[in-house]
Structures are given as structure tokens and as C-alpha cells.
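Me: Pick one part of this model and take me through it closely, then tell me what packs around it. I'd like the picture to hang together rather than read like a list.

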Amino acid sequence: MNFRPRHRDEPEINLIPFIDVLLVVLIFLMLSTTYSKFTELQLTLPVADAEQQRDRPKEIIVSVASDGRYAVNKQTVNDRSVNTVAAALSGAASAGKDSVVIISADANAPHQSVVTVMEAARHAGLSQITFATQPSGGSGGSRSTH
């Protein structure tokens, strides 16, 4: 019989993996923190005159009056049919298929009138259509592309 006292190994805690995990978490938190100082920067952006940069030969402005009448580049279209409006759009498309149709419709214009212009543009082969809008302040015009 062995009566010698047994040497029990004391359990030891290895701290190196624990420290590694804490450092990774610390680095993650540092990188994912948003810095509020960057959002407080006051910037003065450069100014450019957008009217001079626009490529006007590619634009076809179609005006739709509140009673459903059409004007293509300020030329009144007598007939309200899709074919007549498509012919007027084809004649005004100086840049061909790259022309942009700008629909400037009155706020009270019938929905069908705007749809007719869009259908006429499709018949004329013009796929780039945008709508002219006015900001709620009432001054100037802006564009909303759809």
C-alpha cells in the first residue's frame, strides 16, 4: 500500500485566450463606434449653375394643360390621340432615341393625359421619361426622374 500523500494538480486558469478575446471585442467596438464629431462638420459645397450644364438638344418638353391639351416644345398639338402626340415627339427628337421626354403636367391635368404622353413616347421609341415638378415653396422647377 502506498501511503504517500498524493499530489493533486491544482486547476489552473489560462488567461491568454481570455485576454485575446477581450482585445478582439475591444477592437470591434472601437471600429464600429460612430464618431459624432464628423457629423458636426459644417461644409460649404461648391456652386454650379445647373442650367448651363444641361444638354438642351436632347430634351423634349411636353406640356399637359389642366383640360388635357398638349404642347410639344411649345408647339400646340391639335389632336389628342396617341399617334398624333407620338408623331410630334418623333419630329421633336433631334437626338433620336437618346432624347429625354420631360412631362410638365398641370397639377389638375387628367391622369389619362399623362398616360397618353407616356404611351406616345413608347410608340416613338423614346424610353427616357422624366416629370417636371415644382417645390412646395412655389419658386423654380425641379425634376423627378422615374
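Reply: Buried here means under 20% relative accessible area, exposed over 50%, and partly exposed in between (1.4 Å probe, protein chains only). This is a predicted model, so local features need pLDDT of at least 70 and side-chain atom pairs pLDDT 80 or more, while totals for chains, interfaces and linings use all residues. Numbering runs from 1 along each chain as its sequence is written, and side-chain values use heavy atoms, without hydrogens or water.

Let's go for helix 5, residues 111-123. For orientation, the protein chain has five helices and six strands (DSSP runs numbered from the N terminus: H or I of at least four residues, E of at least two). Along the sequence they come as α-α-α-β-β-β-α-β-α-β-β. Of the 146 residues in the protein chain, 20% count as buried.

Helix 5 has 13 residues, which at 1.5 Å a residue should span 18 Å (1.5 Å times one less than the number of residues); the C-alpha atoms at its ends sit 19 Å apart, in agreement with that. Its buried residues are Ser-113, Val-114, Thr-116, Val-117, Ala-120 and Ala-121. They take up an arc of only 155° around the axis (going by the directions from the axis to the C-beta atoms), so they are on the same side of helix 5. That's a familiar sort of spacing: an α-helix has 3.6 residues a turn, so residues three or four places apart point the same way. The face turned away from the buried side carries His-111, Gln-112 and Arg-122, which are exposed. Just past the end of helix 5, Gly-125 has a positive phi of about 85°.

So what sits over that buried side? The cover includes strand 1 (59-64), strand 2 (70-72), helix 4 (82-92), strand 4 (100-105) and strand 5 (128-133).

Ser-113 of helix 5 is a good way in. It counts as buried because its relative accessibility is 7%. Beyond residues up to four places away in sequence, Ser-113 touches Val-64, Gly-68 and Tyr-70 (contact is heavy atoms within 4.5 Å). Those partners lead to the strand 1–strand 2 hairpin: five residues lie between the two strands, and Gly-68 in the turn has a positive phi of about 95°. Strands 1 and 2 pair antiparallel over three bridges (pairing takes at least two DSSP bridges), with Val-64 opposite Tyr-70. Ser-113 also has its C-alpha atom 8.4 Å from that of Arg-80, although 33 residues separate them along the chain.

Now for the nonpolar packing. The largest nonpolar core (buried Ala, Val, Leu, Ile, Met, Phe, Trp, Tyr and Cys joined through side-chain atoms within 4.5 Å) has 21 residues, and those touching the most other members are Ile-60, Val-62, Val-72, Leu-89, Val-101, Ile-103 and Leu-126. Helix 5 gives two or more residues to this core, and so do strand 1, strand 2, helix 4 and strand 4. Leu-89 shows how they meet: leaving out neighbours within four places, its contacts include Val-117, Ala-120 and Ala-121, along with Ile-60, Val-62 and Val-72. Ile-60 stands opposite Val-101 in strand 4, and strands 1 and 4 pair in the parallel sense over six bridges.
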